[in-house]
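These are my notebook entries on one protein chain. I set down what I looked up, topic by topic.

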Amino acid sequence: MLTQTANGDSRLSFWLRVREFAVPPSVIETATDRRQAGDWAGACAAAGVDIDLDLRSVARTYGRELAAQVRADLRHLAPDLLRWHMPRIAPDGLLRPGVTIALARYDGAGRDGPGPVHLVVRTPPAWADAGQRISLALWDGSRFEASVCRHPRPRSDRRYRLDLHRHLWDTRRTNELRIRSGADRPPTVGDPVIHSDLPGMLPQVRGCAVDRWAAEAGILLHAEERPTGAVSVRLGARQRLALDLVADRNGAAPPALRIRAATDGGTSALPVLPDAATWRLPDLDLLRAGLIEAEQLHPLVASALVPGHRPAGPPRTPDRAGGPRLVECRGARHRIGLINGVLAALDHDPAELRGEELLAALTGTPLPCLQAIDQAHRHPECLDDVRARLDHGDTAGALAVVEALLGPDALLRDGALRDELEAATQRRITYGLFRAGLIGPGPAPSHLDRRRPRDHRTHPRHVTSR
């Protein structure tokens, strides 16, 4: 589950930033309250999940029994926890675009026979991923549903599947996270592993959950109704292995794992080890490295990884405006702060300020206090913070940071800050058009696509391996 980067430090830095911005505490709190009140649809709305299914239609199409199973899963779905564990890509930690992920499989209820029906979650393509919203739907293999027709990859991805990892989204199974992540044992202790074909190779791949591969391969083979056999694992764009589960001859010891190099085309027919089982849990690595505290994790993750942990208090919120800020102004320290909902110079009388503003309009040099206010409007120090929140869909958090800096009644001036907010609005419009089927497939028109160059992800699979 870890993004593969040049070294371990950058990998941990990547996930540390994701955990800071990707799922805001306010989203977790609101979604949890609604879920615990029985409002699963409200919890999804709070977590930025669009619902593309109707339980009455499900009952009419597939029968009441399957509809009851879907309803039970939805009532125990923690959409904020699902968002926490969704696959992400470098460099900004955004959701992997254009992917369909299976959450649950319901057998014996296909539209044209006894084929399976899947509860899936989908991410939009990169050009329409504003707000980082995801959608929840049922899929039975049909290519004619509206939500399927406008999605680039409607089929459930074999690599990014969570139906074998319900502990990452189902509140009935979250206690399994400690065992499935390997947090219940020291990092040096693992399942029997044989890798005579690849001596010294695996230690070079940081973040691999090698000690869990044998157990996870067994779970995968059991789900595929194969008692023994081989599975493939992808470590990167051009690095694949084949894992053979070798049973003990006497039956006394657990199966061992024989790891061999994958031959060209030799692993395409093999079951694929899910990405969630290939990599160690990022939160576990962050905890062990001392880079994050349990209070900074999702509460359900913290309670599983740190037994006995209880939330210390209310979730974190963006810092609100504090006291006035000091500015060196003509040999003295002056204050700028919020007055009547706007950022203003506190140590200059109104007449002096009007004269200085007129001077600035005539291309003169204004007071340092007014320069600091202008800088805060156009390119504030918190711009990277605001940009990160907007990128991850936390519009409310971004606006809270802006209001704390400039005041709720401020009129934004031309500059980088205003450009970021306007671009975020335009991208949300693009997403709405995508959801309505009024745009795509293909890149968005230039007048709607205001994405910064660094956000173009032409080949996202080349930059990450969550």
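The entries below go from the whole chain to single elements.

**Entry 1. Confidence and overall content**

I noted at the outset that this is a predicted model. I looked up the confidence before anything else: the chain has an average pLDDT of 83, and 80% of the residues reach at least 70. I then asked where in the chain confidence is lowest and where it is highest. Strand β7 (residues 193-194) has the lowest mean, 52, while helix α6 (residues 79-85) has the highest, 98.

I marked two stretches for caution. Residues 1-7 remain under a pLDDT of 50, and the model gives them 39 contacts beyond four places in sequence. Residues 444-466 are likewise below 50, with 72 contacts in the model beyond near neighbours in sequence.

For the general make-up, I recorded 17 helices and 13 strands. Of the 466 residues in the chain, 49% are buried. Among contacts with a separation of 6 or more, 66% are between residues 24 or more positions apart.

**Entry 2. Helices α4 and α5**

I next examined helix α4 (residues 55-62) and helix α5 (residues 64-75). Their axes come within 7 Å and cross at roughly 145 degrees, and the crossing is right-handed. Which residues meet here? From α4 I listed L55, V58, A59 and Y62; from α5 I listed R64, L66, A67, V70, R71 and L74. Sorted by class, this contact comprises eight nonpolar residues, two charged ones and no polar ones.

**Entry 3. Strand β5 and its two partners**

I asked whether strand β5 (residues 117-122) is mostly covered or open, and found six of its six residues buried. V117, L119 and V121 point one way from the strand, whereas H118, V120 and R122 point the other way. Both sets are buried, the charged R122 included.

I then followed the pairing. Strand β4 (residues 100-106) is antiparallel to β5 and joined to it by six bridges. Strand β6 (residues 134-139) also runs antiparallel to β5, with five bridges between them. H118 serves as a reference point in both pairings: R105 stands opposite H118 on the β4 side, and W139 in β6 stands opposite H118 as well.

**Entry 4. The sheet β11-β12-β13**

I traced an open sheet of three strands in the order β11-β12-β13, with antiparallel pairing. Why is one side of β11 (325-329) and of β13 (342-345) left without a neighbour in the sheet? Both stand at the edges and each has a single partner strand, so one side of each has no neighbour there. Neighbouring strands in this sheet are turned against each other by 35 degrees on average, direction ignored.

I counted five bridges between β11 and strand β12 (residues 332-339), which run antiparallel. C329 stands opposite A332 in β12. Helix α14 (residues 368-378) packs on the sheet and touches β11, β12 and β13. The direction of α14 makes about 130 degrees with that of β11.

**Entry 5. R240**

Last, I looked up a single residue. R240 lies in strand β9 (residues 239-246). Is R240 buried, exposed or partly exposed? Its relative accessibility is 39%, so R240 counts as partly exposed, the limits being under 20% for buried and over 50% for exposed. I also noted that R240 and A261 are 21 residues apart in sequence and that their C-alpha atoms are 7.1 Å apart in space.

Conventions: Residues are numbered from 1 along each chain as its sequence is written. This is a predicted model: local features need pLDDT of at least 70, side-chain atom pairs count only at pLDDT 80 or more; totals for chains, interfaces and linings use all residues. Side-chain values use heavy atoms; hydrogens and water are left out. Axes are lines fitted to C-alpha atoms, for helices over the stretch in contact, and angles run from 0 to 180 degrees between N-to-C directions. Helices (H or I, at least four residues) and strands (E, at least two) are DSSP runs, numbered from the N terminus. A crossing is left-handed if the near helix is turned anticlockwise from the far one by less than a right angle, and right-handed if clockwise. Contact means heavy atoms within 4.5 Å. pLDDT is the predictor's confidence in each residue, from 0 to 100. Two strands pair if DSSP finds at least two bridges between them. Buried means under 20% relative accessible area, exposed over 50%, partly exposed in between (1.4 Å probe, protein chains only).
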